[in-house]
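Could you give me a tour of this model in my viewer? I would like to know what to select next and what is there.

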Amino acid sequence: MALLLLLFLANILTISEGTCEPGIIKQIHLLRPRSGAGGNSIPGLSCLSWRLAVETNNIIGWKTVPEECEDYVGHYMLGKQYRKDSRAVAKEAFLYAQSLKLAGDGKDIWIFDIDETTLSNSPYYAQHGFGAEPYNATLFDEWVMEGAAPALPESLWLYNKLLSLGIKVVFLTGRHESQRNTTASNLKNVGYHTWDKLILKEPSKYSGKTAVFYKSNEREMLEKKGYRIIGNIGDQWSDLLGTNTGNRTFKLPDPMYYIS
């Protein structure tokens, strides 16, 4: 894993295309797509249709990426289409934020999820089948505790734009409270230098509860404290469904896993 991360950092490229500002790293993984990303045909497979159904929440409750779609999902996540899709979401979110008239009292907040929203776990999933392998909580937690996840460049761009507008940022993640220090350091190290709140899950409080329940409850508590959720962005539908979701939600692509 250390060698993979070393190669990843050594091979980061800067691409001129897109909305990212100078100085923001634009390449999130050293590997390159071969075929199948962005809608290219793969004989005998319908993985593009599967991904569409996943992103539109028509396929739910799935545990792993279909075995025959492992290469397709990997090529998508490492290729230009994933970046273009993320960029389209980030740009629309910023256009919406620009249109708002803020109260100016410090209570207008934007909620960001973390995994596959602000931080990318592609280096981990590249070693674990891009979601085709069953989820292994022990291995994933070990990766999280390395604190080495790179930023998703489009989300970092959006984060900086929102701060420039005077919007406060709240991170709301399914990561456990025990991972707070590592998560905070990881966020700061890749450019997320400030936030109003970093909310992590307390397992004893939410044991047996869905992510929808957990995030709805935490958002409700924020609103009871006087915050106004003007925007909410995440890669899972469970980040965006439920109650107290905010004035507008934005869904980033993620065909690697499903959280209910």
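Here is a short walk through the sheet, a salt bridge and a charged patch.

Before you start, keep in mind that this is a predicted model.

**Stop 1: the sheet.** Select the strands and colour them by number. You should find an open sheet of five strands, with parallel pairing and the order E3-E2-E1-E4-E5. Now look at the edges: strand E3 (197–201) and strand E5 (249–251) each have a single partner strand, so one side of each is left without a neighbour in the sheet. If you look along the sheet, neighbouring strands are turned by 20° against each other on average, direction ignored. For background, strands of a sheet pair through backbone hydrogen bonds, either parallel or antiparallel.

**Stop 2: E1 beside E2.** Select residues 108–112 for strand E1 and residues 168–176 for strand E2; the two run parallel and are joined by four bridges. Show two residue pairs here. Trp-110 has Val-169 in E2 as its bridge partner, and Phe-112 stands opposite Phe-171 in E2.

**Stop 3: E2 beside E3.** Stay with E2 and add E3 to the selection. Four bridges join E2 to E3, and these strands run parallel. Which residue of E3 stands opposite His-176? Pick Lys-201 and you have found the partner.

**Stop 4: a salt bridge.** Next, select Arg-248 and Glu-92 and show their side chains. They meet in a salt bridge, at 3.6 Å from N to O. Arg-248 sits in the loop between strand E4 (228–234) and E5, while Glu-92 belongs to helix H4 (residues 80–98), so the pair ties together parts that are 156 residues apart in sequence. The model has 13 salt bridges in total, counting each Lys or Arg side-chain nitrogen within 4 Å of a carboxyl oxygen of Asp or Glu.

**Stop 5: a negative patch.** Finally, switch on the surface and select Glu-67, Glu-68, Glu-70, Asp-71 and Glu-133. Together these residues form a negative surface patch. To place one of them along the chain, click Glu-68: this residue lies in the loop between helix H2 (47–55) and helix H3 (70–78).

Technical notes: Residues are numbered from 1 along each chain as its sequence is written. This is a predicted model: local features need pLDDT of at least 70, side-chain atom pairs count only at pLDDT 80 or more; totals for chains, interfaces and linings use all residues. Side-chain values use heavy atoms; hydrogens and water are left out. Patches are made of residues with over 30% relative accessible area and no salt bridge: like charges are joined within 9 Å, nonpolar side chains (Val, Leu, Ile, Met, Phe, Trp, Tyr) within 5 Å. Accessible areas come from the Shrake-Rupley method with a 1.4 Å probe; for residues, only the protein chains shown count as cover. Lys and Arg count as positive and Asp and Glu as negative; His and the chain ends are not counted. The place of a charge is taken as NZ of Lys, CZ of Arg, CG of Asp or CD of Glu. Two strands pair if DSSP finds at least two bridges between them. Axes are lines fitted to C-alpha atoms, for helices over the stretch in contact, and angles run from 0 to 180 degrees between N-to-C directions.
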